[in-house]
Number of protein chains: 2
Amino acid sequence: MADNLRIGIAGLGTVGGELVAMLQARADQLSAQTGRRLEIVGVSARDRSKARPFAPGTWAWFDTPEALAVAPGLDVFVELIGGEDGPALRSVTAALTHGRHVVTANKALLANSGLQLASLAEANHVALAFEAAVAGGVPVIKTLREGLVGSQINRISGILNGTCNYILSKMETEGLSFTQCLAEAQRLGYAEADPTFDIGGFDTAHKLAILTSLAFGTAVDRDAIHIEGIQSITLDDIRAAAALGFRVKLLGVAERNEHGIEQRVHPTMIAHSAALAQVMGVTNAVSIDANAHQRLTLIGPGAGGKATAAAVIADLTDIARGNVPHPFAVPAAELTPGERVPMQAHRGGYYIRMFVQDRPGAFAAIATRMAERGISLESIMQRPGVEHFSGASNVPVVLITHATTEKLVRDALAAILADGYVSEAPQIFRIERD
Amino acid sequence: MADNLRIGIAGLGTVGGELVAMLQARADQLSAQTGRRLEIVGVSARDRSKARPFAPGTWAWFDTPEALAVAPGLDVFVELIGGEDGPALRSVTAALTHGRHVVTANKALLANSGLQLASLAEANHVALAFEAAVAGGVPVIKTLREGLVGSQINRISGILNGTCNYILSKMETEGLSFTQCLAEAQRLGYAEADPTFDIGGFDTAHKLAILTSLAFGTAVDRDAIHIEGIQSITLDDIRAAAALGFRVKLLGVAERNEHGIEQRVHPTMIAHSAALAQVMGVTNAVSIDANAHQRLTLIGPGAGGKATAAAVIADLTDIARGNVPHPFAVPAAELTPGERVPMQAHRGGYYIRMFVQDRPGAFAAIATRMAERGISLESIMQRPGVEHFSGASNVPVVLITHATTEKLVRDALAAILADGYVSEAPQIFRIERD
């Protein structure tokens with residue numbers, strides 16, 4: 001048997017604790033697969049005295065991740081600290097610089113510094129592996145990086161944040177408000193006390209930035225992503241969508257079009273028959289459209305200590321077997337700057353819900369403003385399939401447009417608001433037809 | 001850049017033709033990812049003069065796959081001939097013996113000789129790679145072999161045959177008979193002139209045998225699989241299932257239970273809400289239940305030249321990068337003989353449809369025979385939700401049982417038939433609850 005793979009783990013929270021326990025429990029299985037023992041030689045965490053869910057090992061304790069990262073004899077540094085800079089960035093940089101492989105679950109770190117870290121890993125001929133960073137229990141990184149190399153990818157769309165999908169699912173199935181469902185998510189530990197990072201779409205955007213780079217060979221560019229969250233979605237919107245044969249999901253979408261790579265995170269109406277529409281609760285899912293594959297969909301747990309730790313173990317066994325691909329599939333130096341497509345150029349159908357004053361001419365004015373910009377309406381409905389829009393003093397109206405552009409829709413809505421028939425900013429969902 | 005990876009391709013049919021074309025089209029991309037040129041140095045096919053969908057290359061022509069397999073200077077032999085023995089077995093054996101990596105799409109070969117070929121590959125320190133052999137466009141082999149190494153797999157269930165799923169989908173959506181849908185599948189090229197291999201469940205069984213070995217670390221054992229096809233499924237069965245909230249799918253299922261590894265291929269009633277129930281047409285899908293992952297589902301194209309060729313390319317790039325895992329994840333010598341679970345021991349719910357003579361005592365007799373064996377009925381229905389059972393002179397009755405065993409159900413049905421109230425052999429579907 002070859003030399004042991006000597007592992008250092010920084011961060012012993014939920015994922016780190018499970019990782020240690022699973023490496024202990026599956027030690028023989030993992031050596032059979034890799035021909036090497038996966039040996040934990042060092043750990044680091046904030047609180048040394050805390051009780052942890054695994055048997056104590058013979059590993060050394062390090063007071064800082066930076067010290068662990070450069071400890072003599074280490075082969076792999078596992079970063080489970082989190083945070084896009086600070087100790088995570090410093091320790092990962094130190095490990096790579098010292099020629100140690102790195103496995104990380106840190107999506108923020110990668111979304112922020114992915115290109116620079118990948119270059120550093122390549123310069124030092126070591127791995128930078130991050131299966132755990134996106135949709136923890138769904139092997140989407142390996143699938144994009146290794147499984148689909150024969151196919152040209154045209155589009156990725158994913159439910160990448162379990163908190164948002166839990167809230168939207170619960171609103172629909174239980175008929176509760178956004179606020180009620182968020183509170184329940186917080187009670188169950190699915191949402192943080194400050195939920196902005198999740199419900200504002202930022203977590204999804206970090207993950208999308210990583211997937212986009214892998215799928216399109218572009219440098220990670222999180223600033224290119226148009227981001228909207230789920231905070232303004234009402235139960236009535238969800239009911240209206242259902243009545244029209246759609247579900248509302250927070251999607252991260254990256255697609256190649258004639259202008260470049262469009263990257264966006266926002267609430268989306270998906271046809272009920274699409275695989276992503278069926279994904280409920282904290283589950284994650286990614287659909288990949290590629291020329292040789294039509295559509296491939298992966299559905300599984302997005303988070304959770306065990307699933308995330310299992311993703312770290314998959315990366316560790318790759319390293320143990322010498323499977324060290326370029327972090328973003330092609331050499332970092334060959335990643336191209338993705339041509340940013342402004343959201344105004346987005347083309348697709350739209351769901352627009354607004355509260356309209358119930359007086360003569362309102363419908364005609366709205367329809368005219370749309371027609372002036374060549375926007376073709378598929379339907380225009382009052383109270384479509386829902387009992388009432390909560391708190392509406394005016395009449396709720398839902399428009400569904402045929403394919404048009406974001407710019408035209410925004411222009412038309414500005415004109416409609418200026419006409420004075422509409423009392424507040426409309427709710428807008430982009431529609432994905434399949 | 002490292003040496004070229006010198007590839008020989010045996011078989012230039014649909015998949016082989018696409019493979020050559022895609023290797024030509026993606027040559028630069030693939031070298032960027034692997035650091036090597038993927039170079040076709042030799043080909044072999046039955047008919048040299050046939051027109052083919054790719055530009056002629058500088059490769060050498062070989063009259064037999066066996067000659068190509070041992071040609072000097074070859075690194076990888078790609079077997080796209082098909083057949084569980086004959087030239088496919090001979091050429092693959094020759095290639096491995098001569099220290100050449102092998103990539104194959106041949107499920108029958110692997111189901112029949114997988115263990116022996118894996119041993120040969122390991123003895124010669126070369127790859128035996130077969131992503132294309134199961135659900136061509138779905139990276140389930142890589143996922144099981146590399147992505148889920150951290151998780152203990154407890155169950156796999158899959159829609160692995162596009163022909164059967166096409167027929168069952170079309171029966172439901174179009175309201176056509178099995179015979180009509182089979183004829184349409186044949187017209188579209190989804191089914192062979194002799195469709196037995198597909199509709200009899202044998203193709204699914206070959207694929208299941210391979211997945212089972214990867215998932216459970218057992219030697220491929222296709223004789224351990226209980227196999228039933230879809231030939232006896234009627235439109236009325238499908239409608240009855242729909243009325244009960246189920247869809248009928250031909251599944252391959254392998255699961256670990258207290259008796260060993262149960263492997264079975266048969267029509268299954270799946271709850272409409274399950275991801276597999278939503279998979280329609282020729283699409284394939286696999287759900288994997290694992291301790292760290294709960295459930296992971298992969299959905300994508302099961303066949304087609306491009307998707308299958310892309311899977312071959314994924315294997316080739318793994319070989320080019322030196323990613324050569326054990327063919328069945330652990331060393332062949334460590335694969336255990338799977339403990340066969342006889343189908344009689346299967347435990348689960350059952351859908352039973354029979355034609356019952358409309359005379360006093362029939363229902364009571366049936367219910368009594370079930371009760372005598374401790375089989376608890378969830379429901380007993382006449383013509384549940386369907387207009388009529390075609391050709392029924394007697395009354396169609398559908399029973400749904402709570403969880404029981406195959407043996408008890410078979411015993412009860414034998415007794416019911418002996419009672420003389422039932423006119424022909426009942427239709428039986430096993431029920432999967434999620």
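This tour walks through a predicted model, stop by stop, from the contact between two chains to strands inside each chain.

**Stop 1: the two chains together**

Show chains A and B in two colours. Chain A can be laid on chain B by a turn of 180 degrees, with a shift of 0.0 Å along the axis. The RMSD of that fit is 0.0 Å. This is the relation of a two-fold axis. One surface serves both copies, as 100% of the contact residues of chain A recur in chain B.

**Stop 2: the interface**

Now select the residues where the chains touch. On chain A, 45 residues are in contact with 45 residues of chain B. Which elements of chain A give two or more residues to this side? Highlight α2 (27–34), α6 (140–147), β12 (294–301) and α12 (305–320) of chain A. Then colour by class. The side of chain A that touches chain B has 22 nonpolar residues, 15 polar ones and 8 charged ones.

**Stop 3: a strand pair across the interface**

Keep β12(A) and add residues 294–301 of chain B, which form β12(B). The two strands pair in the antiparallel sense, over 3 bridges. Pick A:I299 and look across. Opposite stands B:T297, in β12(B).

**Stop 4: the open sheet of chain A**

Hide chain B. In chain A, 6 strands form an open sheet with parallel pairing. Follow the order β3-β2-β1-β4-β5-β6. Which strands are at the edges? They are β3 (60–62) and β6 (128–129) of chain A, and each pairs on one side only.

Start at the β3 edge. Select residues 38–44, strand β2 of chain A, which pairs with β3(A) in the parallel sense over 3 bridges. Label A:V43; its bridge partner in β3(A) is A:W61.

Next, select residues 86–97 of chain A, helix α4. The helix lies across β1 (5–10), β4 (76–79), β5 (101–104) and β6 of chain A. Compare α4 with β4(A): the helix runs at about 165 degrees to that strand.

**Stop 5: an enclosed strand in chain B**

Bring chain B back and select residues 427–432, strand β17. Is β17(B) largely enclosed or open? Of its 6 residues, 5 are buried, so the strand is largely enclosed by the rest of the structure.

Two pairings of β17(B) are worth a look. Add β10 (residues 260–271) of chain B, which pairs with β17(B) in the parallel sense over 3 bridges. Here B:I270 has B:E432 as its bridge partner. Then add β13 (residues 347–356) of chain B. Strand β13 runs antiparallel to β17(B), and 5 bridges join the two. Finish on B:Y351, which stands opposite B:F429.

Technical notes. Residues are numbered from 1 along each chain as its sequence is written. Chains are lettered from A and ligands numbered from 1 in the order in which they are written. This is a predicted model: local features need pLDDT of at least 70, side-chain atom pairs count only at pLDDT 80 or more; totals for chains, interfaces and linings use all residues. Two residues are in contact if their C-beta atoms, placed from the backbone, lie within 7 Å. Helices (H or I, at least four residues) and strands (E, at least two) are DSSP runs, numbered from the N terminus. Ala, Val, Leu, Ile, Met, Phe, Trp, Tyr, Cys and Pro count as nonpolar, Asp, Glu, Lys and Arg as charged, and the others, Gly among them, as polar. Two strands pair if DSSP finds at least two bridges between them. Copies are superposed by least squares on the C-alpha atoms of residues with pLDDT of at least 70 in both. Axes are lines fitted to C-alpha atoms, for helices over the stretch in contact, and angles run from 0 to 180 degrees between N-to-C directions. A residue is buried if 20 or more other C-beta atoms lie within 10 Å of its own, exposed if 12 or fewer, and partly exposed in between; C-beta atoms are placed from the backbone.
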